Amino acid sequence: MIRLEKRPQPSATMSWATPLLAVVATMIFGGALFAALGKDPIEAILTIFWEPLFGEFSFFYRPQLLIKGAPLVLIAIGLALGFKAGIWNIGAEGQYIVGAICGAGAGLAFYPTESIFIFPLMILAGALGGCLWALIPGFLKVRFGTNEILVSLMLVYVAEQLLASMSLGLLKNPEGFGFPGSRNLQQYPSAHNAEIITNTGMHWGVVAALIAVIFSYVLLTRHRLGFAIRVTGEAPRAAKFGGVNPARLILFCLGMSGLLAGLAGMFEVAGPSGQISIDFNVGYGFTAIIVAFLGRLNPLGIVAAGLLMALTYIGGDIAQSQLGLPAAAIQVFQGMLLFFLLALDVLTNYRVRFGTGEVA
Amino acid sequence: MKFTTLMASAALALGFAGGAIADGHEKTKVGFVYVGPIGDGGWTYEHDKGRLAVEAEFGDAVETVYVENVAEGPDSERVMTQMALDGADLIFTTSFGYMDPTNNVAAKFPDVKFEHATGYKRLHPNVSTYSARFYEGRAIQGHIAGNMTESNIIGYIGSFPIPEVIRGINSAYIHASRVNPDVEFKVIWVYTWFDPAKEADAAKVLIEQGADVVLQHTDSTAPQAAAQEAGNVVTFGQASDMGQYAPFPRVSSIIDDWAPYYIARTKAVMDGTWEQKDTWDGIGPGMVGIGEISDRVPADVKAEALAMKAALGDGSYHAFTGPLNKQDGTPWLAEGETADDGTLAGMNFYVEGIEGEIPQ
């Protein structure tokens, strides 16, 4: 009989070391997996982690890290605010989609007018779209006590249908020979989220992510609201006695995470992706959940975790083409990362007891 | 501009450095970007068979690389760039959504040849497009389906409402209704190329609605399994033979045979004779194959189907031959008139007799 016994005081060092240990464990077991597939494990791990950063073509891959990492960080920062308070927004993918639709729609409404006001307007529209989409589960939770996990998740599928409808109807490129998908915003200068400095990968979404990190850091460490968020997560009753208005907190956390996810979608559609299409979303909203936890819900940790996830994606694709590793093996590798993190978290917070022991 | 030069020179440098080693002859490197897993048993599986055929044909003179499960959008752009940087001479991008990324990357690597499947944009002299006239196969399917249905309800699993899929529905309907004027088509749009769970659900819904023939324009074998379970439902293999479901429910199939094209294009790159072109081949040149028609199809129907295949192959019969009206009753093709490629390429209407609307 194995029991888990809660540790009275989990080690502070361990809770910081677990993400690193998880990465190391992933490398070891991932390496074993690659070896079992008949590939050189050292070479595979190096290809995934070293090649994009310091390899021959790192001048191309490093900017790609920012492009891939920015939406993850932006979304994860918002999610972490809610997660800290025990408010579970699982539907960031949907908010990301709606933000992209609203942002792109606002821009395309003015096509082909050129004006410096178009891009800021798109940012506003994207933020607002994501925010409102996330406030639906927020409102339902506050008003009717529904479960925000289920509602926000189900709204992802609604958003996907909306995306398909937009690609085939309202936002369809009139010059696209009847094919689905909007005009390409990369070819519409006023709406294009171009790189601020060429070849650095630094687009406005990266800037927004950095600003979000700083604001969230200040909010959590220096601001009353950040304190309310932390207390609510750790001791909801105490928070209530302390004068925290739970309804307002729920709306703030969901609205804010939706806003940031919407921004991420908007910057993506106006920049790297370029167009609204049926397959526009590629799972950033879900991967960001892993990023938020891997980063210990801490803004700086999330930056590191976001870049690490981006690295495994980019390095994973390189390993596929250079070493012939199957895509599924790369996905298992990424899954291991979360698995080991969660497993080590359990061991940090709980002690494993063998034998029967007395039943509580 | 500077970046372009940098990329091109990097690729060039590597090309020379990489090519000169070993026994002196330079390998031609061919890259493949896949939207699904190579084990999907359909679309991507057939493209990968084409890749293996290239390897078999040229042996040591070529090296092929591939990356599977590549999302359309910035991820695909990165994967293509990475292949070009790694010294690929020729890159096949095998999904419609890779259209803009293919052209973007082609602009940066003028010396690398790009081949984009099912698209229409050739913005640079190093981009070709290719596709197959799947609708010719659909005509044969429609003929068999119209003869075999007893409930007179034919189910159709549509992926996306794009011209390619709409062409297939029209072609199948025209030929089913010619042999069976009472036939009715029920179309379900699943908005995915590959999702076994969704495809199975769609098949089950169609069967429950009385369909005893299910046609699919999606890539997995899940609908075949659903039909097998139902027991008395006829299916056709899609993209690949799906022969494991023969002789019943799968009574025939449309097979995409990319091998001859891939071999020819690779050869052209080797010989230095590669030129931009737009290829749209059907049964005649062998890009569309018809899988063996099983004995569950009555002998006379089978003979008619084979005759139609021969006629489509030698060009004496066109799958869209008038008289045909559009869904709203307006005349489209007069008696004996055949559809032109332009109309077919952008087909966004149903022919007369099909009920329901194309989603907008």
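In this predicted model, strand 9 (residues 234-237) and strand 10 (residues 250-256) of chain B pair in the parallel sense over three bridges. Within that pairing, B:Phe236 stands opposite B:Ser252 in strand 10 of chain B. A good place to start, then, is the sheet around these strands.

**The mixed sheet of chain B**

Strands 9 and 10 belong to an open sheet of six strands in chain B, with the order 7-6-8-9-10-12 and mixed pairing. Which strands form its edges? They are strand 7 (184-189) and strand 12 (288-291) of chain B, each of which pairs on one side only. On average, and ignoring direction, neighbouring strands in this sheet are turned by 20° against each other.

Two helices of chain B lie on this sheet. Helix 6 (residues 163-179) of chain B lies across strand 6 (153-158), strand 7 and strand 8 (213-216) of chain B, running at about 165° to strand 6 of chain B. Helix 7 (residues 196-208) of chain B packs on the sheet too, touching strand 6, strand 7 and strand 8 of chain B, and its direction makes about 160° with that of strand 6 of chain B.

**The parallel sheet of chain B**

Chain B also has an open sheet of six strands with the order 2-1-3-4-5-11, and here the pairing is parallel. Why is one side of strand 2 and of strand 11 of chain B left without a neighbour in the sheet? Strand 2 (62-67) and strand 11 (278-281) of chain B stand at the edges with a single partner strand each, so one side of each stays unpaired in the sheet. The average turn between neighbouring strands of this parallel sheet, direction ignored, is 15°.

Inside this sheet, strand 4 (residues 113-117) and strand 5 (residues 127-132) of chain B pair in the parallel sense over four bridges. B:Glu115 stands opposite B:Ser128 in strand 5 of chain B.

Here are the two strand pairs of chain B side by side:

| Strand pair (chain B) | Sense | Bridges |
|---|---|---|
| Strand 9 (residues 234-237) and strand 10 (residues 250-256) | parallel | three |
| Strand 4 (residues 113-117) and strand 5 (residues 127-132) | parallel | four |

**Two domains in chain B**

Chain B is divided into domain 1 (2-132) and domain 2 (134-255 + 288-345). Their C-alpha centres lie 32 Å apart. Across the boundary, 11 residues of domain 1 of chain B are in contact with 13 residues of domain 2 of chain B. Helix 2 (residues 43-58) of chain B gives the most to the domain 1 side, with three residues. That side divides into five nonpolar, four polar and two charged residues.

**Where chain A meets chain B**

The contact between the chains takes 30 residues from chain A and 34 residues from chain B. On the chain A side, helix 4 (58-84), helix 7 (148-168) and helix 13 each supply at least two residues. The largest share, six residues, comes from helix 13 of chain A. The chain A side divides into 15 nonpolar, 13 polar and two charged residues. Helix 13 (residues 299-323) of chain A lies across strand 1 (28-33) and strand 2 of chain B, running at about 150° to strand 2 of chain B.

**A helix pair in chain A**

Helix 7 of chain A also has a partner within its own chain: its axis and that of helix 6 (residues 118-144) of chain A come within 9 Å and cross at roughly 145°. The crossing is right-handed. Among the residues that meet are A:Trp133 and A:Leu140 in helix 6 of chain A, and A:Val151 and A:Leu155 in helix 7 of chain A. The residues of this contact divide into eight nonpolar, two polar and two charged.

Definitions and conventions
Residues are numbered from 1 along each chain as its sequence is written. Chains are lettered from A and ligands numbered from 1 in the order in which they are written. This is a predicted model: local features need pLDDT of at least 70, side-chain atom pairs count only at pLDDT 80 or more; totals for chains, interfaces and linings use all residues. Two strands pair if DSSP finds at least two bridges between them. Axes are lines fitted to C-alpha atoms, for helices over the stretch in contact, and angles run from 0 to 180 degrees between N-to-C directions. Two residues are in contact if their C-beta atoms, placed from the backbone, lie within 7 Å. Ala, Val, Leu, Ile, Met, Phe, Trp, Tyr, Cys and Pro count as nonpolar, Asp, Glu, Lys and Arg as charged, and the others, Gly among them, as polar. Domain bounds come from an automatic or database domain assignment. A crossing is left-handed if the near helix is turned anticlockwise from the far one by less than a right angle, and right-handed if clockwise.
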